[in-house]
Amino acid sequence: MTIVHKHPDGHEIYFEHGELTSVTAEGTAVSIPLGSPANVLALAEKLAAIGNDAGNLAEQAGAEAAI
């Protein structure tokens, strides 16, 4: 199992056996079969594009300035 993201509130996302699984702090889980490594890379590219969107970058910069 590879943990992809772990939130301080206890939620986590992990990848195992071709499935991406999200688990809430209460233990509710949802799995999405991704299959091949190529599908994982395609998903990673789409998520990176969301994170690098100008609006998201501006919001992040504002949050860092507030801290």
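I will talk through the sheet of this predicted model and then its largest pocket.

Let me begin with the sheet, which is an open one of four strands, arranged in the order 1-2-3-4 and with antiparallel pairing. Strand 1 and strand 4, the latter covering residues 29-33, stand at the edges and have a single partner strand each, so one side of each is left without a neighbour in the sheet. If we ignore direction, neighbouring strands of this sheet are turned against each other by 20° on average. As a general reminder, strands of a sheet pair through backbone hydrogen bonds, and they may do so in a parallel or an antiparallel way. Here, strand 3, which is residues 19-23, pairs with strand 4 in the antiparallel sense over five bridges, and on the strand 4 side it is P33 that serves as the bridge partner of E19.

Now to the pocket. Which residues line the largest pocket? On your screens they are V4, H5, I13, F15, L20, L34, V40, L43, A44 and L47, and the space in this pocket comes to about 180 Å³. If we ask which elements these residues come from, strand 1 (2-6), strand 2 (12-16) and helix 1 (37-51) each supply at least two residues of the lining, with helix 1 giving the most, namely four residues. As for the character of the lining, nine of its residues are nonpolar and one is polar, while no charged residue is found there.

To close, I would keep two things in view together: strand 1 is an edge strand of the sheet, and strand 1 also supplies at least two residues to the lining of the largest pocket.

How values were computed:
Residues are numbered from 1 along each chain as its sequence is written. This is a predicted model: local features need pLDDT of at least 70, side-chain atom pairs count only at pLDDT 80 or more; totals for chains, interfaces and linings use all residues. Side-chain values use heavy atoms; hydrogens and water are left out. On a 1 Å grid over the protein atoms alone, a cavity is a set of points where a 1.4 Å probe fits but cannot get out, and a pocket is an open set with protein on both sides within 12 Å along at least five of seven lines; lining residues have an atom within 4 Å of a point. Grid points are joined across faces, edges and corners, and a volume is the space filled by probe spheres set on the points. Ala, Val, Leu, Ile, Met, Phe, Trp, Tyr, Cys and Pro count as nonpolar, Asp, Glu, Lys and Arg as charged, and the others, Gly among them, as polar. Two strands pair if DSSP finds at least two bridges between them. Axes are lines fitted to C-alpha atoms, for helices over the stretch in contact, and angles run from 0 to 180 degrees between N-to-C directions.
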